[in-house]
Amino acid sequence: MQKLKLLYEGKAKKVYETPDADLLIQEFKDDATAFDATKRGTIAGKGVVNNKISARIFELLDTKGVATHFVKLLSDRDMLIKKVKIVPLEVTIRNIVAGGMSKLLDIEEGRRLKTPVLEYHYKEDKLHDPLINDYHIRALELATDAELEEISSSSFTINEILRRFFEEKNLILVDFKLEFGRHKGRILLADEISPDTCRLWDKATNEKLDKDRFRRDLGNVEEAYQEVYRRVLG
């Protein structure tokens, strides 16, 4: 499938038109950002790792009945996806306290939650993706009630599938971010699922094997991404 016009370039990906108006090519970059892009860098091989991990997970979710934008893997860095209109929400599912939840509620990182927590963030860079609730979403007409119910239900379903999947790989799924899009009247899971969007800790040692190594200057960032790649694809 041929890349045509560049439609969008974000922090971690580029999206191109293709000869088919309903399909796009999503290219994964090695660029890394954190803290609203105030911290920038490069993680060697990240694009390849995230592309292939995302493809594997999208394929898994498809077998479990979760509808996604993924069509097929095209190359080391490129995947073919359905063209969706992104719902301007980031959905975070938390199984263990870390990151933003730890700071917001002054709870020690690592505390296991009795039940998973779902958070919505309004996708708006200039506002730093603020935390919002169902009432904001309805009032601002960011999603319909039916769409919000589908997004919420799918997010918890995805969490259960991925928790078990990563546990089999001796990884703890601490939390993760999801994005959804509209495609021909349906809500589809979009974007990516990778060490960029998931917090993954080693099951035996709690060693961080995700983007937090970049955020917190922990070192061995490339090695952590490659380790997740080996466990997921191996």
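These legends walk through several close-up views of a predicted model.

**View 1. The E1-E2 hairpin.**
Here we zoom in on strand E1 (residues 6-9) and strand E2 (residues 13-17), which pair in the antiparallel sense over three bridges. Three residues sit between the two strands, and together E1 and E2 make a hairpin. For a handy landmark, look for tyrosine 8, which stands opposite valine 15 in E2.

**View 2. The five-stranded sheet.**
Stepping back from the hairpin, we get an open sheet of five strands, ordered E1-E2-E3-E7-E6, with antiparallel pairing. At the edges are E1 and strand E6 (70-73), each of which pairs on one side only. On average, neighbouring strands of this sheet are turned by 25° against each other, ignoring direction. As a general reminder, strands of a sheet pair through backbone hydrogen bonds, in either a parallel or an antiparallel way.

**View 3. E3 beside E7, with helix H1 packed on the sheet.**
Strand E3 (residues 23-28) and strand E7 (residues 78-82) run antiparallel and are joined by five bridges. Leucine 24 is the residue to find here, standing opposite isoleucine 81 in E7. Helix H1 (residues 46-63) packs on the sheet and touches E3, E6 and E7. The direction of H1 makes about 125° with that of E6.

**View 4. A stacked pair of phenylalanines.**
How many aromatic pairs does the count come to? It comes to two aromatic pairs, and this view shows one of them, formed by phenylalanine 58 and phenylalanine 70. The pair is stacked, at 5.9 Å centre to centre and with 20° between the planes. Phenylalanine 58 belongs to helix H1 and phenylalanine 70 to strand E6, so the pair ties together parts that are 12 residues apart in sequence.

**View 5. H1 against H6.**
Now for the helix-helix contact: the axes of H1 and helix H6 (residues 221-233) come within 10 Å and cross at roughly 30°. Angles under 35 degrees count as roughly parallel, and H1 and H6 are therefore roughly parallel to each other. The crossing of H1 and H6 is left-handed. On the H1 side, the contact is made by Lys46, Val49, Asn50, Lys52, Ile53 and Arg56. H6 brings in Tyr225, Gln226, Val228, Tyr229, Val232 and Leu233. What kinds of residues make up the contact of H1 with H6? They divide into seven nonpolar, two polar and three charged.

Technical notes
Residues are numbered from 1 along each chain as its sequence is written. This is a predicted model: local features need pLDDT of at least 70, side-chain atom pairs count only at pLDDT 80 or more; totals for chains, interfaces and linings use all residues. Side-chain values use heavy atoms; hydrogens and water are left out. Two strands pair if DSSP finds at least two bridges between them. Helices (H or I, at least four residues) and strands (E, at least two) are DSSP runs, numbered from the N terminus. Axes are lines fitted to C-alpha atoms, for helices over the stretch in contact, and angles run from 0 to 180 degrees between N-to-C directions. Contact means heavy atoms within 4.5 Å. Angles under 35 degrees count as roughly parallel, over 145 as roughly antiparallel, 65 to 115 as roughly perpendicular and the rest as oblique. A crossing is left-handed if the near helix is turned anticlockwise from the far one by less than a right angle, and right-handed if clockwise. Ala, Val, Leu, Ile, Met, Phe, Trp, Tyr, Cys and Pro count as nonpolar, Asp, Glu, Lys and Arg as charged, and the others, Gly among them, as polar. Rings of Phe, Tyr and Trp (its six-membered ring) pair if their centres lie within 6.5 Å; planes under 30 degrees apart count as stacked, over 60 as edge-to-face and the rest as tilted.
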